[in-house]
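Thanks for making time this morning. I would like to walk through one model with you, going sheet by sheet and then helix by helix, so please keep the picture open while I talk.

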Amino acid sequence: MCGITAIISKTDVVQTLHESIKNLEYRGYDSCGLGVLNSAGIEVRKNTGGVDEVNEKEHFSGMHGHIGVAHTRWATHGGVTQANAHPHVSFDARFVIAHNGIINNYRELKADMERQGIPFRSETDTEVLVHLIALAYAEFGDVEQAFVAALKRIDGTMAVTMISSMDPDHVYGMKLGSPLVVGLGQGSNFVASDVNAFLPYTKTALILEDGEYVRVSLRDVTV
């Protein structure tokens, strides 16, 4: 079990992301991290330990952005290391995701991508998915289409959140066998593992059904 938060906001999201995974720490406590998108591109800071411990190491307050994802992990595939902590970034540095669940067919997908020369930085099944999205984007040239195409190649259970420098106005999420909810706020919208992530900011929630994916902007939510 892991905890996921993604936020898009009119204001900087870093402090809210930090607080959100603190509220989800009961779902995972061996490592955590934040990923944000700003004018410089995607920035990820992550490490082993609890949320406060990682913040002391990585100084989340030095990050900034109006859209981001965060994750607190309970290890499944891959040991408790900084490289295996989430979020994970694609080989082209255009996509970043956080994932809760298990990808059953990740070994064969990883082997196929390694034959194509795709570099892997972690032992996780999650990294397979973010590289699949990047490869699909290279084929289709559309972020939403790439997200859906990559997910169709995955066998397993998942709650996934994604942001991309190729679509800086949306958070994407998908649910299949692991919980994922959308929080609708004033000036901020959320996608998270459960409502504890955003209860301090909104009590209006939309619960996704299995097999649904969501595209969230500041103005609207499309399931």
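Let me begin with a term: two strands count as paired if DSSP finds at least two bridges between them. Strand β2, residues 31-38, and strand β4, residues 67-73, pair over seven bridges in the antiparallel sense, and within β4 it is His-71 that stands opposite Gly-33. I should say at once that what you are looking at is a predicted model, and that everything I quote this morning is computed from it.

That pair belongs to an open sheet of seven strands, which has the order β3-β2-β4-β1-β10-β9-β11 and antiparallel pairing. At the edges of this sheet are β3, residues 41-48, and β11, residues 205-207, each of which pairs on one side only, and from one strand to the next the twist averages 15°.

Moving along that order, strand β9, residues 181-184, is joined to β10 by four bridges, and the two run antiparallel; the bridge partner of Gly-183 is Phe-190 in β10. The hairpin of β9 and β10 has three residues between the strands, and in this hairpin Gly-187 takes a positive phi near 85°. Strand β9 is also joined to β11, again antiparallel, by three bridges, with Val-182 opposite Leu-206 in β11.

Two helices lie across strands of this sheet. Helix α1, residues 14-23, lies across β1, β2, β4 and β10, and runs at about 155° to β2. Helix α2, residues 51-58, lies across β2, β3 and β4, and runs at about 120° to β3.

While we are on α2, which residue forms a salt bridge with Glu-53? The partner is Lys-57, and the closest N and O atoms of the two are 3.7 Å apart. Both residues lie in helix α2, four residues apart, which is about one turn of the helix. In general terms, side chains of opposite charge can pair when their charged atoms come close, and with a cut-off of 4 Å between a side-chain nitrogen and a carboxyl oxygen, the count comes to seven salt bridges.

Let me turn now to another sheet, which is open, has six strands in the order β5-β6-β7-β8-β12-β13, and again shows antiparallel pairing. Its edge strands are β5, residues 88-89, and β13, residues 221-222, each pairing on one side only. Inside that order, strand β7, residues 156-164, and strand β8, residues 167-176, run antiparallel and are joined by five bridges, and Lys-175 in β8 is the bridge partner of Ala-159. Helix α5, residues 143-151, lies across β6, β7, β8 and β12, running at about 20° to β8.

Finally, a pair of helices. Two packed helices are described by the angle between their axes and the distance between the axes. Helix α3, residues 106-115, and helix α4, residues 126-140, pack at an angle of about 50° with their axes 10 Å apart, and they are therefore oblique to each other. The crossing in which α3 passes α4 is left-handed.

Which residues meet where these helices touch? From α3 there are Tyr-106, Leu-109, Lys-110 and Met-113, and from α4 there are Val-128, His-131, Leu-132 and Leu-135. Sorted by character, the residues of this contact divide into six nonpolar, one polar and one charged.

I will stop there and take questions.

Technical notes
Residues are numbered from 1 along each chain as its sequence is written. This is a predicted model: local features need pLDDT of at least 70, side-chain atom pairs count only at pLDDT 80 or more; totals for chains, interfaces and linings use all residues. Side-chain values use heavy atoms; hydrogens and water are left out. Axes are lines fitted to C-alpha atoms, for helices over the stretch in contact, and angles run from 0 to 180 degrees between N-to-C directions. Angles under 35 degrees count as roughly parallel, over 145 as roughly antiparallel, 65 to 115 as roughly perpendicular and the rest as oblique. A crossing is left-handed if the near helix is turned anticlockwise from the far one by less than a right angle, and right-handed if clockwise. Contact means heavy atoms within 4.5 Å. Ala, Val, Leu, Ile, Met, Phe, Trp, Tyr, Cys and Pro count as nonpolar, Asp, Glu, Lys and Arg as charged, and the others, Gly among them, as polar.
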